Amino acid sequence: MTTTNLMTEITGKYSQMTKAEKKVADFVLSSPQTALNSTITDLSRLCDVGETSVFRFCRTLELKGYQDFKLSLALSAASPEAAKKKETINVIDTDNCRDTAKNVLYAYRSALEQTYETLNFKAIPRVVNTILTARTINLFGFGGSGTSAGEFRNKLIKILPNVIYNTDAHMQLTQAALLSEGDMAIIFSNSGITKDCIEIARICHSSRVYVVFITQFLKSPAAQYASTLLLCGANEGPLEGGSIAAKTAQLFLIDILYAEVYRLMGEKAEENKRKTSQIITEKMM
């Protein structure tokens, strides 16, 4: 049962919890924002307990599961009481359009700054070099992350002919099944726990495909299948402009990768861009 007073619920049921559950409760009470941005694997590691204990902690609070817990935690963080205790980026809690615009602008800036701090400047060149040498560049993602995958396709296809992206989930799985060594898979999953994204990473890994997994969380289950894991995201909750942060972070990384590919291709990139731009221009009035 989702609640907007999760902290009160935790405190009220603390005495009923096991020793392991109390470890989770202590961490959530002391670091709610970190807990909010953690997968169940992340939280169990941070609390030094098993994932089962985290799940039992949720059930003790009469929550359906971990996602219900995160929603309750987000609602608690967005409540007026919580807002008084900490600075939040709440893009909807404003009195007028100008204030809303300022909050959205702050969310964008914050996302860009946080993403820049997490960029792996040693891994990015490896990814770029693989893009330049791969037989095919296959992009994957669903929901908002799928939009980012599509945006990356729209950029790369103007300078490279071997970029593939399908919007349908079944087609993405089918696409992954036929890849082999020499191909490249770039998978976008902000949460890092999307089942189909993890399965695509596993399939590609088993076929010796170079897998790039782009996510906010280092401990994503897909990490074991990734040739390169690129962290990309910002620490905002789902009710505090999280979609803005996730999309901004992914687009920022996409532009960095595209700019590096373009730079290294040199004159060939300019020639291809000129050809593709000319074709589109001829379709205009």
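**View 1. Strand 4 and strand 5 run side by side in this predicted model.** Strand 4 (residues 210-215) and strand 5 run parallel and are joined by four bridges; two strands count as paired if DSSP finds at least two bridges between them. Helices (H or I, at least four residues) and strands (E, at least two) are DSSP runs, numbered from the N terminus. Look for Ile214, whose bridge partner in strand 5 is Leu230. Strand 5 (residues 228-231) has a covered face with Thr228 and Leu230, and its uncovered face holds Leu229 and Leu231.

A word on conventions before the next views. Residues are numbered from 1 along each chain as its sequence is written, and side-chain values use heavy atoms, with hydrogens and water left out. Because the model is predicted, local features need pLDDT of at least 70 and side-chain atom pairs count only at pLDDT 80 or more, while totals for chains, interfaces and linings use all residues.

**View 2. Helix 8 has a buried side and an exposed side.** Helix 8 (residues 97-118) has 22 residues and reaches 32 Å from its first C-alpha to its last, close to the 32 Å expected at 1.5 Å a residue; the expected span is 1.5 Å times one less than the number of residues. Ala107, Ser110, Ala111 and Thr115 are buried in this helix. Seen down the axis of helix 8, the buried residues fall within an arc of 125°, so they line one face; the arc is that of the directions from the helix axis to the C-beta atoms. Turned away from that buried side is a face with the exposed residues Arg98, Lys102, Arg109, Glu113 and Glu117. Here buried means under 20% relative accessible area, exposed over 50%, and partly exposed in between (1.4 Å probe, protein chains only).

**View 3. Asp48 and Glu62 are two loop residues with positive phi.** Most residues other than glycine have a negative phi. Asp48 has a positive phi of about 60° although it is not a glycine, and its place is the loop between helix 4 (40-47) and helix 5 (51-60). With a relative accessible area of 61%, Asp48 is exposed. Glu62, also not a glycine, has a positive phi of about 60° and sits in the loop between helix 5 and helix 6 (66-77).

**View 4. Val54 is a buried residue of helix 5.** Val54 has 0% relative accessibility, so it counts as buried. For a distance to try in your own viewer, take the C-alpha atoms of Val54 and Ala25: they are separated by 9.3 Å, with the residues 29 apart along the chain.

**View 5. Arg45 and Asp42 form a salt bridge within helix 4.** Side chains of opposite charge can pair when their charged atoms come close. The criterion here is a side-chain nitrogen of Lys or Arg within 4 Å of a carboxyl oxygen of Asp or Glu, and a search of the whole structure finds nine such salt bridges. The side chains of Arg45 and Asp42 meet at 4.0 Å, N to O. Both residues lie in helix 4, three residues apart, about one turn of the helix. Arg45 is partly exposed at 45% relative accessible area, whereas Asp42 counts as buried at 6%.

**View 6. Arg263 and Glu260 pair along helix 13.** Their side chains meet in a salt bridge of 2.9 Å, N to O. Arg263 and Glu260 are three residues apart in helix 13 (residues 242-265), so about one helical turn separates them. Arg263 counts as exposed at 52% relative accessibility, and Glu260 is partly exposed with a relative accessible area of 24%.

**View 7. Helix 14 holds the salt bridge of Glu271 and Lys275.** The N to O distance of this salt bridge is 3.3 Å. Glu271 and Lys275 lie four residues apart in the helix, about one turn. Both count as partly exposed, Glu271 at 30% relative accessibility and Lys275 at 47%. Elsewhere, salt bridges that share partners join Glu9, Lys13 and Glu62 into one network.

**View 8. Ile279, Ile280 and Met284 make a nonpolar surface patch.** The patch covers about 320 Å², with accessible areas from the Shrake-Rupley method with a 1.4 Å probe, and for residues only the protein chains shown count as cover. Patches are made of residues with over 30% relative accessible area and no salt bridge; like charges are joined within 9 Å, and nonpolar side chains (Val, Leu, Ile, Met, Phe, Trp, Tyr) within 5 Å. Ile279 is found in helix 14 (residues 267-281) and is partly exposed, with a relative accessible area of 49%.
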